[in-house]
Amino acid sequence: MNAVTTTTVLGGCPHDCPDACSFVTTVQDGIAIKVQGNPAHPQTDGALCTKVSRYTERTYHPQRILQPLKRSGPKGSGQFEVVSWDAALRDIAARLTAIAARGPDSAQAILPYSYAGTMGLVQGESMAGRFFNQLGASRLDRTICAKAGGEGQVYTLGGKVGMRVEFFAESKLILIWGSNSIASNLHFWRYAQEAKRKGAKLICIDPRRSETADKCHEHIALLPGTDAALALALMHELITHDWLDRDYIAQHTSGWELLRERALQWNPERAALVCGIDAEQIRSLARDYGGCLTSGAPAAIRANYGMQRVRGGGNATRLLASLPALIGAWRHRAGGFLMSSSGAFPVRRAALERPDLLAGRTPRTINMVTIGDDLLRPASATFGPAIEALIVYNSNPVAVAPDSGKVVQGFGRENLFTVVLEHFQTDTADYADYVLPATTQLEHWDIHLSYGHTDVVLNRPAVAPVGEAKPNTQIFRELARQMGFDETCFTEDDESLCRAAYGDAVDFEQLLARGFTSLKVPEAPFAQGGFPTPSGKCEFFSPSLAAQGQDGLPDHLPNYEAAGSSSTYPLAMISPPARNFLNSSFVNVQSLRDIEGEPILEMSAQDAAARGLVSESVVRVFNQRGEYRCKMKVSSRARAGVVNGMGIWWRKLGLDGKNVNELTSQKLTDLGQAPTFYDCLVEVEAVPPMGEDLLRVPG
Ligand SMILES: Nc1nc2c(c(=O)[nH]1)N[C@H]1C(S)=C(S)[C@@H](COP(=O)(O)OP(=O)(O)OC[C@H]3O[C@@H](n4cnc5c(=O)[nH]c(N)nc54)[C@H](O)[C@@H]3O)O[C@H]1N2
Ligand SMILES: Nc1nc2c(c(=O)[nH]1)N[C@H]1C(S)=C(S)[C@@H](COP(=O)(O)OP(=O)(O)OC[C@H]3O[C@@H](n4cnc5c(=O)[nH]c(N)nc54)[C@H](O)[C@@H]3O)O[C@H]1N2
Ligand SMILES: [Mo]
């Protein structure tokens with residue numbers, strides 16, 4: 001008998017999460033048998049989350065798509081037949097070529113649709129970007145997650161930059177704002193716990209009593225979309241008690257007089273009414289935050305994207321990012337603000353995506369959030385050609401995009417040609433004309449940034465592609481060849497693309513040897529000011545926003561669908577991610593689904609009693625856009641007036657083949673044209689017994 005050969009390969013987690021872990025895959029006779037956190041990488045600290053420690057279950061999943069599939073039934077039926085790569089690529093290339101050949105701008109009828117199924121710079125928009133640029137396809141504005149908060153940071157701090165995450169361990173006060181860190185940012189939570197052990201106070205600001213709120217000293221359960229009002233009242237208290245670092249404000253900020261005037265209009269009583277909390281909670285928060293100035297203790301804010309998925313998300317982010325300057329918290333390395341660190345990474349996007357291949361053409365841009373409406377739009381002078389072909393990769397829009405009723409109708413168009421690159425038969429793949437099997441992270445090269453720390457992580461392939469799967473890059477290379485794109489850039493291989501991602505800015509040899517490398521970033525980035533804004537200051541007032549005709553000063557903008565503003569739909573609904581899924585990924589990994597159970601709507605005892613509902617009842621959750629059915633759970637995690645529709649489940653696993661996005665709207669945020677998933681009013685009622693015939697057993 002031959003000896004078993006066991007090797008280990010350094011990789012990196014591809015998922016859309018701030019932690020960007022470095023991992024080690026153990027391979028036995030060509031099969032990956034386990035994936036573990038890299039103990040040598042300080043940010044990973046040898047530990048992975050539950051999801052990714054089961055990554056091999058994903059790679060070797062019995063339902064993994066391993067051959068190209070061609071639709072054989074009606075659109076959306078999920079009926080497919082196996083075809084060869086050659087036949088699939090030839091047909092797809094012919095269809096796209098026919099559209100592109102119709103006229104000078106006709107390729108705009110083709111739309112790429114992708115997001116962060118993998119955050120990899122190579123399997124993301126490298127070869128794909130080149131392909132669509134050469135084609136002259138419509139461009140996609142990738143707004144679905146973080147664009148409102150992103151712009152909020154840029155207009156205030158000058159970039160997606162902030163505190164180094166490791167120094168949260170030394171903070172004395174940590175405000176965890178719109179983040180369920182235990183679920184979605186586990187490696188930050190480790191530092192927060194260390195700080196807690198050393199005597200720091202932790203305050204969670206979140207409408208839901210999340211797992212993280214359970215572990216904090218205080219929880220401020222404000223109504224969704226009222227964070228700006230809370231921040232303004234906090235400023236009000238800092239001003240009236242003179243808990244201000246006047247020196248820092250004078251030297252390193254701009255627009256203080258204006259901000260001061262606005263904040264003074266928000267006494268705690270006014271904000272408390274808007275936020276649905278006690279004014280005393282706001283006063284207490286101000287005493288804690290302002291107290292750090294008088295005692296010299298570092299105060300830190302860890303905000304995450306949960307607080308910016310509402311109409312005023314950009315403005316709210318601007319106010320949160322302004323807070324540390326008021327008390328000079330930036331003077332300490334353990335003080336300040338962190339929402340995203342991704343702006344620190346010197347990614348050479350043009351080298352990867354080659355916008356020069358557009359050669360002067362300026363295709364229109366489609367916002368990925370409004371894909372529901374846009375797929376249904378006819379050609380017009382303002383819109384341009386109707387969308388005729390859609391190439392989806394790294395995303396599951398039928399499950400994750402808002403207003404699913406419209407999205408499903410759009411994907412269901414018989415005259416829409418849809419290609420989906422996937423690992424699994426997702427809700428989106430069900431609507432494809434072709435499904436092309438893509439490799440997982442264990443099977444391809446990639447290189448990563450992080451939005452939670454400042455290390456670059458490299459992923460080497462641990463095993464050969466499973467079945468006939470190919471990396472996204474390879475699929476676009478082969479499509480390019482079929483379409484006669486003969487630029488040499490279409491033959492560049494993945495390792496070379498990994499090197500090109502950062503060029504000389506990072507040490508690639510070190511990446512090959514260790515799997516990660518740390519960027520050189522200052523410990524306390526704004527201790528002496530030096531913000532990367534046009535003025536070099538923390539811009540409370542933004543002249544660039546004012547020049548665009550916007551309010552240069554951040555304000556509280558009430559939700560489009562504010563809690564209590566409608567008697568027909570009296571409940572605000574938020575739909576935060578599930579701890580054991582990653583958006584809609586991992587929903588089909590049985591061991592993880594067993595932990596999550598089934599789609600659940602959490603409701604307060606008070607709201608349940610008012611509707612005569614009891615735990616475990618099947619309810620109909622509805623508004624003017626649609627309805628879905630799920631089990632309701634009476635839970636102290638839900639505050640009065642707010643229901644929590646947990647997780648983005650695959651529609652086909654829902655009781656009635658739908659998910660929470662049936663109810664969310666396509667309305668956009670104040671900054672960044674981003675989605676407003678948590679700005680959504682609904683009503684909930686018991687499913688009448690006559691409706692039972694509509695229920696089907698989840699498959
Ligand atoms: N396990 C797991 N980890 C994930 C994800 C996942 O699906 N599962 N998703 C990943 C993605 S895509 C992202 S973008 C990141 C960050 O993802 P986020 O969506 O920011 O994830 P959470 O940290 O769960 O934070 C959301 C929190 O915001 C709260 N919230 C909702 N509305 C409001 C509001 O108006 N104000 C305030 N203050 N809070 C509000 C929710 O109740 C929830 O607890 O996490 C990533 N990490
Ligand atoms: N109601 C509600 N909706 C939301 C949110 C919410 O909080 N509430 N959160 C929003 C947020 S923050 C985000 S980021 C979006 C996320 O939306 P998406 O980015 O679409 O994320 P996923 O649902 O994880 O789907 C990613 C898909 O990519 C596939 N994939 C992974 N790796 C690869 C690869 O290498 N190649 C190919 N071809 N495919 C791959 C996976 O199998 C998976 O099906 O959802 C948004 N939708
Ligand atoms: Mo996201």
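The exercises below work through helix packing, aromatic pairs, backbone angles and individual residue environments in a predicted model.

**Exercise 1. Describe how helix H4 packs against helix H13, and classify the angle between them.**

Solution. Two packed helices are described by the angle between their axes and the distance between the axes. Helix H4 covers residues 147–157 and helix H13 covers residues 313–326, and their axes come within 8 Å and cross at roughly 45 degrees. Because angles under 35 degrees count as roughly parallel and those from 65 to 115 as roughly perpendicular, H4 is oblique to H13. The sense of the crossing, as H4 passes H13, is right-handed.

The next step is to list the residues that meet. From H4 come Ala148, Gly149, Gly152, Gln153, Tyr155, Thr156 and Leu157, and from H13 come Gly313, Gly314, Thr317, Arg318, Ala321 and Ser322. Sorted by class, this contact of H4 with H13 contains four nonpolar, eight polar and one charged residues.

**Exercise 2. Carry out the analysis for helix H8 and helix H12, and state which classes of residue make up their contact.**

Solution. Helix H8, residues 227–240, packs on helix H12, residues 279–295, at an angle of about 60 degrees, and the axes are 9 Å apart. That angle makes H8 oblique to H12, and H8 passes H12 in a right-handed crossing.

On the H8 side the contact is made by Leu230, Ala233, Leu234, Glu237 and Leu238, which meet Ile282, Arg283, Leu285, Ala286, Tyr289 and Gly290 of H12. The residues of this contact of H8 with H12 divide into eight nonpolar, one polar and two charged.

**Exercise 3. Classify the ring pairs that tryptophan 330 forms with phenylalanine 526 and with phenylalanine 531, and locate the partners in the chain.**

Solution. A pair of aromatic rings is described by the distance of the centres and the angle of the planes. The structure holds 18 aromatic pairs. In the pair of tryptophan 330 and phenylalanine 526, the ring centres are 5.0 Å apart and the planes stand at 80 degrees, so this pair is edge-to-face. Tryptophan 330 lies in the loop between H13 and strand E13 (336–338), while phenylalanine 526 lies in the loop between strand E20 (516–518) and strand E21 (538–539), so the pair ties together parts that are 196 residues apart in sequence. With a relative accessibility of 1%, tryptophan 330 counts as buried, and phenylalanine 526, with a relative accessible area of 5%, is buried.

For tryptophan 330 and phenylalanine 531 the ring centres are 6.1 Å apart and the planes are at 75 degrees, so this pair is edge-to-face. Here too distant parts of the chain are linked, since phenylalanine 531 sits in the loop between E20 and E21, 201 residues apart from tryptophan 330. Phenylalanine 531, at 3% relative accessibility, counts as buried.

A cluster may be added to the picture: Phe131, Phe132, Tyr393, Phe476, Phe485 and Phe490 form one aromatic cluster.

**Exercise 4. State where asparagine 583 and glutamine 673 lie, and how their phi values stand out.**

Solution. Most residues other than glycine have a negative phi. Asparagine 583 has a phi near 50 degrees, which is a positive value in a residue other than glycine; it is found in the loop between strand E22 (571–574) and helix H22 (590–596). With a relative accessible area of 32%, asparagine 583 is partly exposed.

Glutamine 673, although not a glycine, has a positive phi of about 50 degrees. Glutamine 673 belongs to the loop between strand E26 (642–645) and strand E27 (681–686), and at a relative accessible area of 45% it is partly exposed.

**Exercise 5. Determine the surroundings of tyrosine 55 and of leucine 111.**

Solution. Tyrosine 55 is placed in helix H1, residues 55–59, and its relative accessible area of 1% makes it buried. Leaving aside neighbours within four places in sequence, tyrosine 55 is in contact with Pro14, His15, Val35, Thr440, Gln441, Leu442 and Phe586.

Leucine 111 is placed in strand E6, residues 110–114, and is buried with a relative accessible area of 0%. Not counting residues up to four places away in sequence, leucine 111 touches Ser138, Arg139, Leu140, Ile366, Ile371, Ile387, Ala389, Leu390 and Ile391.

Note on methods:
Residues numbered from 1 in each chain as written. Chains lettered and ligands numbered in written order. Predicted model: local features only at pLDDT ≥ 70, side-chain atom pairs only at ≥ 80, totals over all residues. Heavy atoms only, no water. Axes fitted to C-alpha atoms, helices over the stretch in contact; angles between N-to-C directions. Helix = DSSP H or I, 4+ residues; strand = E, 2+ residues; numbered from the N terminus. Parallel < 35°, antiparallel > 145°, perpendicular 65-115°, else oblique. Left-handed = near helix turned anticlockwise from the far one by under 90°. Contact = heavy atoms within 4.5 Å. Nonpolar A, V, L, I, M, F, W, Y, C, P; charged D, E, K, R; others polar. Phe/Tyr/Trp six-rings, centres within 6.5 Å; stacked < 30°, edge-to-face > 60°. Buried < 20%, exposed > 50% of the residue type's maximum accessible area, 1.4 Å probe, protein only.
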